[in-house]
Amino acid sequence: MSDEGVDESKRATLRRFAALGTAGSIARFAGGADAATGDSDTRDAIVGYLEATPGAHFSKLRDDLHLGTGETQHHLRQLLESGAIESHEDGDYRRFFPAGRFDDFEKTALSYLRRDTVRGILIALLEEPESSGSDIAEAVGVSRPTVSKYAGELEAVGLLDRTDGYRLVNPETVLLLVVRYADSFDADAESFARDAASVVTYDP
């Protein structure tokens, strides 16, 4: 692909995300003196992207928006300093969220839902709350030790109770987040959400 094609793809992606929600007004407030420049458009797009993909880490955000590493670092720093976005550490990644939208439990849940294998485990438990470790391993297509490893992590961050089997903590919230943001996860999450949406209500 030519450089011109890459640039046009980047512009189209930034325009699409900048149009989401109230991203424009939030990011322009954060834009400061250079709000009239292309920097403001990029920050609009980052905030819009995080409205649609809360919990994205640095590399995913950078790649999905076709930004450079330094460019991404610059704009995230500006948005964090202005209070337009927030970050949350999940052990392996620093993840980003629109400001004031999620409590700590929701940030933690979204952070772990962004991990493919862990998301599979969480969805398996939403589908079958009485699942054993072996049931989950079969449903997700991983080994039993892998389930045990991730279950320990989920328990440590307060998403899972292993006192008597495997029990999600606050499963209603986890379900709501899967349904609301399914199209930012993968096809399995979208399929699950289509079936679950009829029993879930939430404020858009």
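**Exercise 1. Place His66 and judge its exposure.**

His66 has a relative accessible area of 36%, so His66 is partly exposed. The cut-offs: buried is under 20% relative accessible area, exposed is over 50%, and partly exposed lies in between (1.4 Å probe, protein chains only). His66 sits in the loop between helix 4 (58-64) and helix 5. Helices (H or I, at least four residues) and strands (E, at least two) are DSSP runs, numbered from the N terminus. Now the backbone: phi of His66 is near 60 degrees, a positive value in a residue other than glycine. Most residues other than glycine have a negative phi.

The model is predicted: local features need pLDDT of at least 70, side-chain atom pairs count only at pLDDT 80 or more, and totals for chains, interfaces and linings use all residues. Residues are numbered from 1 along each chain as its sequence is written, and side-chain values use heavy atoms, with hydrogens and water left out.

**Exercise 2. Do the same for Asn170.**

Start with location. Asn170 is in the loop between strand 5 (167-168) and helix 10. Next, phi: Asn170 is not a glycine, yet its phi is positive, about 55 degrees. Last, exposure: relative accessibility is 33%, so Asn170 counts as partly exposed.

**Exercise 3. Describe how helix 7 meets helix 8.**

Step one is geometry. The axes of helix 7 (residues 116-127) and helix 8 (residues 133-140) come within 9 Å and cross at roughly 120 degrees. Axes are lines fitted to C-alpha atoms, for helices over the stretch in contact, and angles run from 0 to 180 degrees between N-to-C directions.

Step two is the class. Helix 7 and helix 8 are therefore oblique to each other. Angles under 35 degrees count as roughly parallel, over 145 as roughly antiparallel, 65 to 115 as roughly perpendicular and the rest as oblique.

Step three is the contact (heavy atoms within 4.5 Å). Helix 7 supplies Thr117, Gly120, Ile121, Ala124 and Leu125, while helix 8 supplies Ile136, Ala139 and Val140. The contact of helix 7 with helix 8 has six nonpolar, two polar and no charged residues. Ala, Val, Leu, Ile, Met, Phe, Trp, Tyr, Cys and Pro count as nonpolar, Asp, Glu, Lys and Arg as charged, and the others, Gly among them, as polar.

**Exercise 4. Repeat the analysis for helix 7 and helix 9.**

The axes of helix 7 and helix 9 (residues 144-156) come within 10 Å and cross at roughly 85 degrees. Helix 7 is therefore roughly perpendicular to helix 9. On helix 7, Thr117, Val118, Ile121 and Leu122 take part; they meet Thr146, Val147, Tyr150 and Leu154 of helix 9. The contact of helix 7 with helix 9 has six nonpolar, two polar and no charged residues.

**Exercise 5. List the buried residues of helix 10 and their cover.**

In helix 10 (residues 171-180), Thr173, Val174, Leu175, Leu177, Val178 and Val179 are buried. Their cover includes helix 6 (104-113), helix 7 and helix 11 (187-196).

**Exercise 6. Classify the ring pair Phe97 and Phe102.**

The structure holds two aromatic pairs. The ring centres of Phe97 and Phe102 are 5.8 Å apart and the planes stand at 65 degrees, so this pair is edge-to-face. Rings of Phe, Tyr and Trp (its six-membered ring) pair if their centres lie within 6.5 Å; planes under 30 degrees apart count as stacked, over 60 as edge-to-face and the rest as tilted. Both Phe97 and Phe102 are buried. With Tyr181, Phe97 and Phe102 form one aromatic cluster.
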